[in-house]
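This report introduces the interior of one protein structure to a reader who has not met it before. It takes up cavities and pockets, then the packing of the core, the cysteines and the backbone.

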Amino acid sequence: DARLADLHAYREELAAACAGRPPAPRWARVFGPLAQAVRDFGLPEPLLADLLDAFAQDVAWTRDGRRFADRAELLDYCRRSANPVGRLLLHLYGIGDAESLARSDAICSALQLANFWQDLSVDLPRGRFYLPLDDCARHALAPGDFDAFEPLRSAPPPRAAIALVADEVRWARELMQQGAPLVHRLPGRIGWELRLVVQGGLAILGKIEARGFDSFSHRPTVGKADAPRLLWRALLM
């Protein structure tokens, strides 16, 4: 409840910054510079507000034990928790056509999903459950089933859970591939940075797959040793 109250106050400060009002002392070091950036670059307030709305949902749903019913509901969360970052970036580069925005959304949502499937060993013990319920049901799983084998220190997860993660990884990879052509729309350095972002997300999904889709007992990561391969794959793009 305290976190939700703070997020509400934070949202009020965002509105004040976007309206050109001076910030309150509590977060002046955040909203003073942000107000200047809003003035200089015309940053859209709704995109910034969407991020805070997603944060508030995360807190409230974890507190209340709520779950995502299906992929559409999870993508609506990604629309607010991840997609605004890409859209803000495109805004700074003056790109706003529908195709580019859709591809940006696909990349950002894919990155968010990759993070979810990467972090199962971390999120489940903390009560954060991002697996869509209808996907679980297709594999004859319910949220309570995951309590029986997490944090999975002694026994491997059942085959149904592995098959579920394999489906989720496949979904995230398809989204990333849908968005990948955006790299050719962005010029210079930012285009190359986006290539590496795309390849980094695909690499995380590949690491999950390489471990047999078991991210319940281990969190796969991308490190310095993966850099040459990521650079090579970025060049191939």
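Asp58, Trp61, Thr62, Arg66, Arg67, Phe68, Gly127, Arg128, Phe129 and Tyr130 line the largest cavity of this predicted model. By class, that lining consists of four nonpolar, two polar and four charged residues. The volume of the largest cavity is about 70 Å³, and a search of the whole structure finds one cavity of 30 Å³ or more.

The largest pocket has a volume of about 210 Å³. Its lining comprises 14 residues, of which Gly86, Leu89, Cys108, Leu194 and Val197 are the closest to the centre of the pocket. Two or more lining residues come from each of α5 (83–92), α6 and α11. The lining of the largest pocket divides into 11 nonpolar residues, two polar and one charged. The two spaces are set side by side below.

| Space | Volume | Nonpolar lining residues | Polar lining residues | Charged lining residues |
|---|---|---|---|---|
| Largest cavity | about 70 Å³ | four | two | four |
| Largest pocket | about 210 Å³ | 11 | two | one |

Helix α5, which contributes to the pocket lining, also has a buried side. Its buried residues are Asn83, Pro84, Gly86, Leu88 and Leu90, and these pack against α3, α4 and α6. Just after α5, Gly94 adopts a positive phi of about 70°.

The packing of the interior is described next. The largest nonpolar core contains 47 residues, and those with the most contacts inside it are Leu74, Leu113, Phe116, Trp117, Leu131, Phe146 and Val198. At least two residues of this core are supplied by each of α3 (45–64), α4 (71–81), α6 (98–118), α10 (159–179) and α11 (188–210). Helix α10 provides the largest share of this core, with nine residues. Phe146 illustrates the packing: leaving aside residues up to four places away in sequence, Phe146 touches Leu124, Phe129, Leu131, Cys136, Leu141, Ala161, Leu164 and Phe216. A second, separate core has 15 residues, including Leu14, Trp27, Ala49 and Leu52.

The cysteines form no cross-links of the disulfide kind, as the structure holds zero disulfides. Cys78 is in no disulfide, and the nearest cysteine sulfur, that of Cys108, is 9.7 Å away. Why does the sulfur of Cys136 form no bond with the closest cysteine sulfur? The closest cysteine sulfur, in Cys78, is 15 Å from that of Cys136, which is too far for a bond. Cys78 is buried, with a relative accessible area of 0%, and Cys136 is likewise buried at 0%.

Two residues other than glycine also take a positive phi. Ala140 has a phi near 60° and is found in the loop between α8 (133–138) and α9 (143–147). Phe213 has a phi near 65° and lies in the loop between α11 and α12 (227–236). Is each of these residues buried or exposed? Ala140 counts as exposed because its relative accessibility is 70%, whereas Phe213, at 16% relative accessibility, counts as buried.

Key: Residues numbered from 1 in each chain as written. Predicted model: local features only at pLDDT ≥ 70, side-chain atom pairs only at ≥ 80, totals over all residues. Heavy atoms only, no water. 1 Å grid on protein atoms, 1.4 Å probe; cavity = no way out; pocket = protein on both sides within 12 Å on 5 of 7 lines; lining within 4 Å. Points joined across faces, edges and corners; volume = space filled by probe spheres on them. Nonpolar A, V, L, I, M, F, W, Y, C, P; charged D, E, K, R; others polar. Disulfide = S-S within 2.5 Å. Buried < 20%, exposed > 50% of the residue type's maximum accessible area, 1.4 Å probe, protein only. Core = buried A, V, L, I, M, F, W, Y, C linked by side-chain atoms within 4.5 Å. Helix = DSSP H or I, 4+ residues; strand = E, 2+ residues; numbered from the N terminus. Contact = heavy atoms within 4.5 Å.
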